[in-house]
Amino acid sequence: MMADEAGGGDVRTVLASTFGYQSFRPHQGEIIESVLSGQDVFALMPTGGGKSLCYQLPALLLDGVTIVVSPLIALMKDQVDALRQLGVPATYINSTVDAQEISVRQRLVADGGIKLLYVAPERLMLPGFLRWLASIRVALFAIDEAHCISEWGHDFRPEYRELRRLRELFPAVPMAAFTATATARVQTDITRELALRDSARFRGSFNRPNLFYDVRAKRNAFDDILKYLHAHPGASGIIYCGSRKETERLAADLNTAGISALPYHAGLPEQQRHGNQEAFSRDRVRVIVATIAFGMGIDKPDVRFVIHYDLPRTLENYYQESGRAGRDGDPSDCILYYSGADAMRLRYFAGEKATQEEQRIALGQAQQMIDWAESTVCRRKRLLAYFDEPFEGQDEPCCDICASSTGEQEDVTVAAQKLLSCVIRTRERFGVTHVVAVLRGSREKKVLAFGHDRLSTHGIGSGQPKEFWLDLAKHLIGMGALRQDQERFNTLSVTDAGRRVLLEGERVMMPVKQRETASQVAMVAAYPDLFERLRALRRRLADERNVAPFIIFYDAVLREMCTRLPTRVVELTAIPGVGESRAEGYGQLFLDEIARYRSETGATPSETISEPLVKRRKRPNDSVSETVRLFNEGNTPEEIAGLRGFVARTIYDHLAEAIQSGEISNIDRLVSPERQAIITDAMKQVGEALLTPVRDYLGDGYSYEELRVVRAKLRTSPPGERGSDN
Ligand code: ADP
């Protein structure tokens, strides 16, 4: 039997060979270390932080099965599919699985054939299931979405409460709890309810550096959205709306405008809701227009934009919803359309709460949201401040404010004095729009009706555009020189600080803006038409296997392919995110498509694009010959790996290359002649382009290494003698 990569090896080896990542995200390494040492763990990490790896990787190295508790039944299949694609034996048990199949799966687990078992909490806590659990070897309980245990969380699930019995029943099994919900109250609840012992605690940063925050005035928002969608043709994403009706209307309008979109809200029949969600996550539809009912349970990693058509209720909600963009780490946009009317509506709803206490809380939350939308300082900084996290800034502009600021400040004291004075002349009884109209010398009805055309401040601001005055007003509100009274239709009044500016000439500095706001998503692949072809291929493969497309390869991987135009499987595994089994499983089909494209168009690799993404594998040219030399001396691939300090996988790559080029002709030492015959026969049956079907055909008794060696041998023969490609 050949090397079993998953079973042995250290953490880094498994990270690279099984998961295809070159490094850990923040905290992953330490969390994994704690889990492996048998300590309880509590990890607070934002969406997209990479929680799953923190239990999936240890599961491969620990003795026994890791039980993953998750409330998201709809996601279990995708998660398990994804693991299987990586070559990790995993399965799930929940209400969608029938009794007979459950006992099959339980037997598999009991026989030690499964490293990760996903279970819904209500199933886990059934007496019979617990008895069965006690009879097998459980390595770890990983509690995902652990905040569901707390009544104070935004997603309390009574079933989760039952989990408190796990500690009593399985005192020896370590527990690892994961959540993205940050409040202290919820954290305390989780620790207490699960009876975590002396747990190692981790708190990830809530900063999502790849998200660009952009607040836009809600004027012609639909046209603006269309413009955005046309400017980013490959991008798919979510549009959140405040009401069910609006989701349907907007989705219909988008379809009319030629953008495929589906609605999603709690009022749709279960089946349709599920179908629409699936159409989105499988890339059959580009946009999902949803109420907040569309939330947890979306783990599509390549959501390129999250647009809020209406104002969310709280900043925490906004963070969670917008956070569904860009889990894959690629640049993504979070756009919020904002208007004073929306702000008023939010306050109105807060005031409708049943008790005074609830009203107070809701109003406070609404105000935080509104302040954020109206902020004149970096939005990321303010969002992180909400989570008590400092932010020092980053090199690239990270929000509309940073992007539109030139980094310079200008002295706007005189303009500020004009504005403040106009507020006073209009008797502090009007909102921004009216004050600006007066400043700019408007003769509109309302101005004339109040006689404001006769004020000394009428028209003193006509030298500057309306936008300038609106920005300045926001800035003065932000710095506390103006107050905006929400109770009284947002009327402006001048504060003490404002009087100092007006009367004592205290200076006001404002960031200088530039014209265009940069959008973050500029993710054109080197060859956009090839990118589309690879996406089509991916969609077809995903449909055939009934899995989501990203389970095959991420967008970032496809883009990297367009840049590098690889010709060999080994080059594919050098792309971050391409695990070995996926490269084996699908690589050849993608390579074929790329080869066709190259011969049709004469395209050449443009390596300079997204260079930093590319993992550089040290591989001197004579590396293969060195492996061949050691092989000819009688060493096994594993021994060569040890001698050379490579993983066995690399040595097999070398050997396959040498076999295919004819440098090594006898492979009997690698695979017995009998097995060669069986494998060759299987390849004749199901083709050799993809190894996964061959492996499925032959069963677990055959390793990918053996298959690759035999395929390399087959490929030295004239093409006519090969198994048919499928
Ligand atoms: P969470 O559950 O915390 O929201 P996931 O576990 O779904 O996050 O991971 C988010 C994304 O990050 C996934 O697409 C995953 O493949 C990717 N990812 C996780 N760990 C790493 C890593 N070390 N390097 C690169 N990508 C990673």
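How many helices and how many strands are there in the chain? Count 34 helices and 17 strands. Keep in mind that this is a predicted model. Here's a quick tour, starting with the whole chain, moving on to the ligand and ending at a single residue, Ala146.

**The chain as a whole**

- With a radius of gyration of 30 Å, against the 27 Å that the globule rule gives for 726 residues, the chain comes out close to the rule, so it is as compact as a globular protein of that length.
- If you drew a box around the C-alpha atoms along the principal axes, it would be roughly 100 × 65 × 45 Å.
- Out of the 726 residues in the chain, 54% are buried.
- Take the contacts in the chain with a separation of 6 or more: 72% of them link residues that sit 24 or more positions apart.
- As for the surface, the chain exposes about 32,100 Å², and 49% of that is supplied by carbon and sulfur atoms.

**Around the ligand**

- The ligand has 14 residues around it, and the ones that come nearest are Tyr21, Arg25, Gly48, Ser52 and Tyr554.
- Sorted by class, that shell holds seven polar, four nonpolar and three charged residues.
- Tyr21 puts a polar side-chain atom 2.4 Å from an oxygen atom of the ligand.
- Ser23 uses its backbone instead: one of its N or O atoms lies 2.9 Å from a nitrogen atom of the ligand.
- Gln28 also faces a ligand nitrogen atom, with a polar side-chain atom 2.9 Å away.
- On its own the ligand would expose 570 Å², and the protein buries 83% of that.

**A look at Ala146**

- You'll find Ala146 in a loop, the one between β5 (138-143) and α8 (158-161).
- Is Ala146 buried or exposed? Its relative accessible area is just 1%, and anything under 20% counts as buried, so Ala146 is buried.
- Which residues does Ala146 touch, leaving aside its neighbours within four places in sequence? The contacts are Tyr160, Ala177, Phe178, Thr179 and Ile190.
- Arg157 is 11 residues away from Ala146 along the chain, and the C-alpha atoms of the two are separated by 10.0 Å.

Conventions
Residues are numbered from 1 along each chain as its sequence is written. This is a predicted model: local features need pLDDT of at least 70, side-chain atom pairs count only at pLDDT 80 or more; totals for chains, interfaces and linings use all residues. Side-chain values use heavy atoms; hydrogens and water are left out. A residue is near a molecule or strand if one of its heavy atoms lies within 4 Å of it. A polar contact is a pair of N or O atoms within 3.5 Å; within protein, one must be able to donate a hydrogen and the other to accept it, and residues adjacent in sequence count only if both atoms are side-chain atoms. Accessible areas come from the Shrake-Rupley method with a 1.4 Å probe; for residues, only the protein chains shown count as cover. Ala, Val, Leu, Ile, Met, Phe, Trp, Tyr, Cys and Pro count as nonpolar, Asp, Glu, Lys and Arg as charged, and the others, Gly among them, as polar. Helices (H or I, at least four residues) and strands (E, at least two) are DSSP runs, numbered from the N terminus. The radius of gyration is taken over C-alpha atoms; the globule rule is 2.2 Å times the number of residues to the power 0.38. Buried means under 20% relative accessible area, exposed over 50%, partly exposed in between (1.4 Å probe, protein chains only). Contact means heavy atoms within 4.5 Å.
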